[in-house]
Amino acid sequence: MTSDPLLALRPWEAPEVTSWGRLPMNAVDRRSGALPLDGDWRFQLLPAPDAPVSDVWTSSYVPGVWTMQGTDDLPQYTNVRMPFAEYPPHSPAANPTGVYERAVDVPADWAGRRIVLQVGAAESVLLVHVDGRPAGVSKDSHLAAEFDLTGLVRAGERALVRLTVVKWSDASHIEDQDQWWHGGVTRSVLLYATDPLHLADVTVRAGRYGDLRVDCRVRDAGGTLPAGWYVSGELDGHLLTQDTEFDRANADDDRVSDFLGEARLLTDVPDVRTWNAETPELYDLTVRLHRADGGVADASRHRVGFRDVEIVERDLLVNGERVFVRGVNRHDFHPLTGRTVSPGDLRADLVLLKRFGFNAIRTAHYPGDPALYDLADELGLYVVDEADIESHDHAHEIADDPRYLNAFVDRVSRMVLRDKNHPSVIVWSLGNESDYGANHDAAAGWVRRHDPTRPIQYEGAAKRGWADPHLASDIACPMYAPLEDCVAHALSGEQTKPLIQCEYSHAMGNSNGTLADHWAAIESTPGLQGGFIWEFWDHGILQRVSDGRPAGRAGAGLHDNGVAAPGHRWAYGGDFGETIHDGAFIADGVVFPDRTPKPVMYEHREIAAPVRLECFRHEGVVIGNHQHFRGLDWLAGEWELSLADGGVLTAPAKLPDLRPGETTAVPLPFELPRGGGEAWLTLRVTTADDEPWAPRGTVVCLPQVRLRAAAAAPGHSARAARGRPVEVDAEGLLVHPLLTSAPVLSLWRAPTDNDELGGAALRWRTWGLDTLVRKVVDVRQAAGRVTVHAEYAAEAGVVRHAQVFTPVEGGIHVEERAELPDALTDVARVGSVFETVAGLDLMEWYGQGPWESYPDRSFGAPVGHHRVAVAELFTPYLRPQESGGRHGVRHFTLSAPDATGLAVVLDEPRQVSVTRHRADDLTAVTHHDQLVPRAGCVVHLDAAHRGLGTASCGPDTSPSYLVTPGVHRWSWTLRAL
Ligand code: IPT
């Protein structure tokens, strides 16, 4: 038996014990003036919390996870299931435990002061000792723990601080989030000193009419009752004095408590500049605690945003406005440091979100680093702040388990106590995927009393019914609900709460199909207000292929544009040798692990466009301001007219003076050139000045209207022209000097994650679509024209395919027809695939682009003339899959640097992809680094291509984006350049 009282308590298997010796959470910012304790700490990893500490030390960087710093305990990814078999509240006997030690020189001028240790975050149980004496215990892996060390250290002397971090515990069962499991001290550690008489907490309430109320809690650690002390505040240079309401607890009582009382500051700010995500106006507030002689005993700085949040009927209102919530779920993630993110990383995340039109974050599934909220306040993002509770694998047992009651209330209340002063936080979330029980209601009850100014949401409660009047959710916040169900609910007359999906549009791999359809419905259906895309990050950890270890900090810079450097890869579940894992389900974000935006980001940016071109009417275009609070004066515009024949005209655009929600017609900036041919007008909208999140000139959106449709397509049968005769081989395969592989029918795509997990790929394989064998049936030559009939035998029946090759001026015209049997109810694509000679490195096209687009994810890809290197057309999704498609392509060229190459003209806008990978190449591998690009281009021209949907976790694409059986026809012309 250990003699250490903290170990003797075995807090890792005692859910009732949430802390011991830990100070109450508060919102006083102690970062300035503190002694930072970040850096290398002495470290050893024990096999279990009660194993003896040896004399053998290595070092580990704090903040950081040991799982990515050279230990044998490596990251492990599971989604729902726990990584160990023990039931709550138990944890496995083999329980990696990190012991961190460091000598701290306590400043001499801290004599007589109260000295506090703050550990920013440690997972999952933290035990603190100072010079071998117990200082405290804490759980709640994503919030700070503070311990009063005044009695344990001496100013001017050296103290040995030991942090013992136990990886698995009763708390792991309520930290079962869909992410990597790590161990370590993941946020900064610091030591600070205050006067014994100190600000214990500050609560700021600032409403949209300029009403400000600041409640200050004061404690005296010394236990003496000084007379005459008071608080003051300073708001942007204006002095606020303490209100008469000063509640001095124990005034009539001679017993001494360490709680002295509350002082309040009240004021009204005239002509207040209100805070919202579009114009995040902040005021600086400094609260000071004064001694009787006016000297400052303590101070705390806050940035105040004046704003109101309320739910009125079924609308969530910010400052009285029904705002759309364009949200994303964000985990703390970094490919080199695991769970530790620097303020610079956080800023980069939030800046990127702002640039791509997001206005909200759900802190899935635990409170973020304090810097996140400061940045959200400053840059303008609404935050749904979520408590660190997910008991996914044992949800049903835990939600009503009284042993966990304390933990639920503790975690929710500590989050609220810490973050209550942030204007960005508009909703509290009780956690994720933990069923719904009395423990939730207890936590909700605490919040209702403590902070009546914000709504609460909890998906587990919303599951009971979107209109159910339970205590735990003011918002109907389902996850992955079919759009039809959301619309039906809003139209049912039964709706009582705003409907804002806490998770939707699962971004795994090549995904987020139908996002624009969702938003069309949200914007046109009262009662629907948006949602949070799942999720921001692809959590790929940079891994050395040679030894399978995380690259860690040494991997800085070893990636480019979403791709890991040679010898490295982005690891996902299973890549660290773990047997229990959930594979690539961890790679489901809108950005790559190095924050490179995936194509869906451009789709989102356009969906969220603050300026829209509504339509073209009477020689004018209608422009609309689609913001909630801002005019258009922060934006600059340029018109671009793009003509199918290659012409592009530009002209400066003066954006009209429009208030939110207003529209106006402006005359066409160009005279439309005569002649047929499609014409598209784009308004290139950029920031007119530097914004805190974007330099001047940053693209904000590219709204577009079609001014003229294409002239009617030429008839299907081309007239044979004199020229090079068409040549086919004995199999009826086209022989062409620019092609290394003749055009054949393609019905298969390398399954996307949605195809695999949603079941479509299984059906396709069952039907034999991955192994179709072509059999030529008939080859006929007549009048210079060659007609080839072929059959592809699938399990589900025979697919007939006909090609008619006709020589035309400078090339060959190809007409194709495919007939799919009725059993093939839903295939990936119907089209042609061929391969070109090597050296064609550049694609230029007229169609949608420049980024990747698919039939159900093409809203954000404007029609125009685009030019992209072939190598960059491909999107390097972590698990290789169909990628690189371009929607609505009318014509394109593939050229070598010497301008030789080929040109293809399509009969109508088609889905085209040009990559260096066959679908089979992509299907055969599991990681991007295993792909070997082919020398030539693999070109797909699709008559029809299935939508992407989101079926890896959520609804599939809608029926209109499916490729159905029956006859498909398409034609194209191939010419040499
Ligand atoms: C849902 C989870 O809340 C989220 O953490 C993540 O796992 C997401 O799905 C999928 O990536 S839970 C799911 C079982 C609906």
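Accessible areas here come from the Shrake-Rupley method with a 1.4 Å probe. With that in hand, let's work through this predicted model.

**Exercise 1. Find how much area the protein chain exposes, and what share of it carbon and sulfur atoms supply.**

Step 1: The exposed area of the protein chain is about 35900 Å².
Step 2: Carbon and sulfur atoms supply 51% of that area.
Step 3: Now turn to the inside: 62% of the 977 residues are buried, where buried means under 20% relative accessible area.

**Exercise 2. Describe the secondary structure of the protein chain and decide how its radius of gyration compares with the globule rule.**

Step 1: Count the elements: the chain has 14 helices and 57 strands.
Step 2: The radius of gyration is 31 Å, and the globule rule gives 30 Å for 977 residues.
Step 3: These values are close, so the chain is as compact as a globular protein of that length.
Step 4: For the outline, the C-alpha atoms fill a box of roughly 115 × 65 × 55 Å along the principal axes.
Step 5: Look at contacts between residues at least 6 apart in sequence: 73% of them join residues at least 24 apart.

**Exercise 3. Work out why helix α10 (residues 599-607) can be called largely enclosed, and list the elements its buried residues pack against.**

Step 1: Check burial along the helix: 9 of the 9 residues of α10 are buried, so the rest of the structure largely encloses this helix.
Step 2: Note who is in the set: the buried residues include Glu603, His604, Arg605 and Glu606, along with Val600, Met601 and Ile607.
Step 3: Locate the partners: these buried residues of α10 pack against helices α2 (343-355) and α9 (515-524), and against strands β25 (325-329), β31 (528-533), β36 (611-617) and β42 (699-701).

**Exercise 4. Sort the side chains of strand β48 (residues 785-794) by face, then place the strand between its partners.**

Step 1: Recall the general pattern: in a regular strand, side chains alternate between the two faces of the sheet.
Step 2: Apply it to β48: Val786, Val788, Ala790, Tyr792 and Ala794 point to one face and are buried. Arg785, Thr787, His789, Glu791 and Ala793 point to the other face and are not buried.
Step 3: Take the partner β47 (residues 773-782): this strand runs antiparallel to β48, joined by 9 bridges. Their hairpin has 2 residues between the strands, and alanine 783 takes a positive phi near 50 degrees.
Step 4: Take the partner β49 (residues 797-808): β48 pairs with β49 in the antiparallel sense over 9 bridges, and these two strands form a hairpin with 2 residues between them.
Step 5: Follow tyrosine 792 across the strands: it stands opposite arginine 774 and opposite valine 799 in β49.

Definitions and conventions:
Residues numbered from 1 in each chain as written. Predicted model: local features only at pLDDT ≥ 70, side-chain atom pairs only at ≥ 80, totals over all residues. Heavy atoms only, no water. Helix = DSSP H or I, 4+ residues; strand = E, 2+ residues; numbered from the N terminus. Rg over C-alpha atoms; globule rule 2.2 N^0.38 Å. Buried < 20%, exposed > 50% of the residue type's maximum accessible area, 1.4 Å probe, protein only. Contact = heavy atoms within 4.5 Å. Pairing = 2+ DSSP bridges.
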